[in-house]
Amino acid sequence: MRVRVNKEKCRGCKICIRVCPSRAISIGDDGKAQIGSQCVGCGSCVDLCVMSAIEEE
Ligand code: SF4
Ligand code: SF4
């Protein structure tokens, strides 16, 4: 699974950072989550985000 952040929905709460097993998520200069190349596509962040801001590509 490839995932991307919908910047319109992300509120920068950082909860997804804590669940990512590969430490692929960080907060960018825009205050929104961003997915790095370490992502292994586990899908945990997609299920977790309360704003449904992380989407499967
Ligand atoms: S993607 Fe979702 S869980 Fe992650 S910072 Fe944005 S709103 Fe929070
Ligand atoms: S899909 Fe899994 S590995 Fe990729 S950013 Fe989300 S939690 Fe991290």
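A residue counts as exposed here if 12 or fewer other C-beta atoms lie within 10 Å of its own, and as buried if 20 or more do, with C-beta atoms placed from the backbone. Keep that cut-off in mind while selecting residues, and bear in mind that the model on screen is a predicted one.

**The whole chain**

Begin with the chain in cartoon view, where two helices and four strands can be picked out. Followed from the N terminus, these elements come in the order β-α-β-β-α-β. The radius of gyration is 10 Å, close to the 10 Å that the globule rule gives for 57 residues, so the chain is as compact as a globular protein of that length. If you show the C-alpha atoms alone, they fill a box of roughly 25 × 20 × 20 Å along the principal axes. Buried residues make up 18% of the 57 residues. Of the contacts between residues at least 6 apart in sequence, 55% join residues at least 24 apart.

**The two ligands**

Select ligand 1 next, together with the 13 residues that surround it, of which Cys10, Cys13, Cys16, Ala33 and Cys49 are the closest. By class, this shell is made up of ten nonpolar residues, one polar residue and two charged residues.

Then move to ligand 2, which is surrounded by 15 residues, the closest being Cys20, Cys39, Cys42, Ser44 and Cys45. Here the shell divides into eleven nonpolar and four polar residues, and no charged residue is part of it.

**The core and alanine 33**

Now hide the ligands and colour the largest nonpolar core, a set of ten residues: Val3, Cys10, Cys16, Cys20, Ile25, Ala33, Cys45, Cys49, Ala53 and Ile54.

Within that selection, centre the view on alanine 33, which belongs to strand 3, residues 33–35. Is alanine 33 buried or exposed? It has 27 other C-beta atoms within 10 Å and is therefore buried. Leaving out residues up to four places away in sequence, alanine 33 touches Val5, Cys10, Gly12, Cys16, Ile25, Ile27 and Ala53. One of these partners, Ile25, deserves a selection of its own: with the same sequence neighbours left out, isoleucine 25 touches Cys16, Ile17, Cys20, Ala33, Ile35 and Cys45.

**From alanine 33 to the loops**

Draw a distance from the C-alpha atom of alanine 33 to that of lysine 14, and the viewer should give 7.3 Å for two residues that stand 19 apart in sequence. Lysine 14 sits in the loop between strand 1 and helix 1. Because lysine 14 has 11 other C-beta atoms within 10 Å, it is exposed. Its backbone also merits a look, since most residues other than glycine have a negative phi. Lysine 14, by contrast, has a positive phi, near 75°.

Lysine 7 can be found in the loop between strand 1 (3–5) and helix 1 (15–19). With 14 C-beta neighbours inside 10 Å, lysine 7 counts as partly exposed. Which residues does lysine 7 touch, not counting those up to four places away in sequence? They are Asp30 and Lys32. From C-alpha to C-alpha, lysine 7 and lysine 32 are 6.3 Å apart in space, although 25 residues separate them in sequence.

Continue to arginine 23, in the loop between helix 1 and strand 2 (25–27). Its phi is likewise positive, near 55°, and arginine 23 counts as exposed because it has 10 C-beta neighbours inside 10 Å.

**Helix 1 and the N terminus**

Step back to helix 1 and select arginine 18, which is found there. This residue is exposed, with 9 other C-beta atoms within 10 Å. A line drawn from the C-alpha atom of arginine 18 to that of arginine 2, 16 residues away along the chain, spans 19 Å.

End the tour at methionine 1, in the segment before strand 1. Methionine 1 has 10 C-beta neighbours inside 10 Å and so counts as exposed. If its neighbours within four places in sequence are set aside, methionine 1 is in contact with Gly41, Gly43 and Glu56. A last line back to alanine 33 joins two residues that are 32 apart in sequence, with 18 Å between their C-alpha atoms.

Terms used
Residues numbered from 1 in each chain as written. Chains lettered and ligands numbered in written order. Predicted model: local features only at pLDDT ≥ 70, side-chain atom pairs only at ≥ 80, totals over all residues. Near = placed C-beta within 6 Å. Nonpolar A, V, L, I, M, F, W, Y, C, P; charged D, E, K, R; others polar. Rg over C-alpha atoms; globule rule 2.2 N^0.38 Å. Contact = placed C-beta atoms within 7 Å. Core = buried A, V, L, I, M, F, W, Y, C linked by C-beta atoms within 7 Å.
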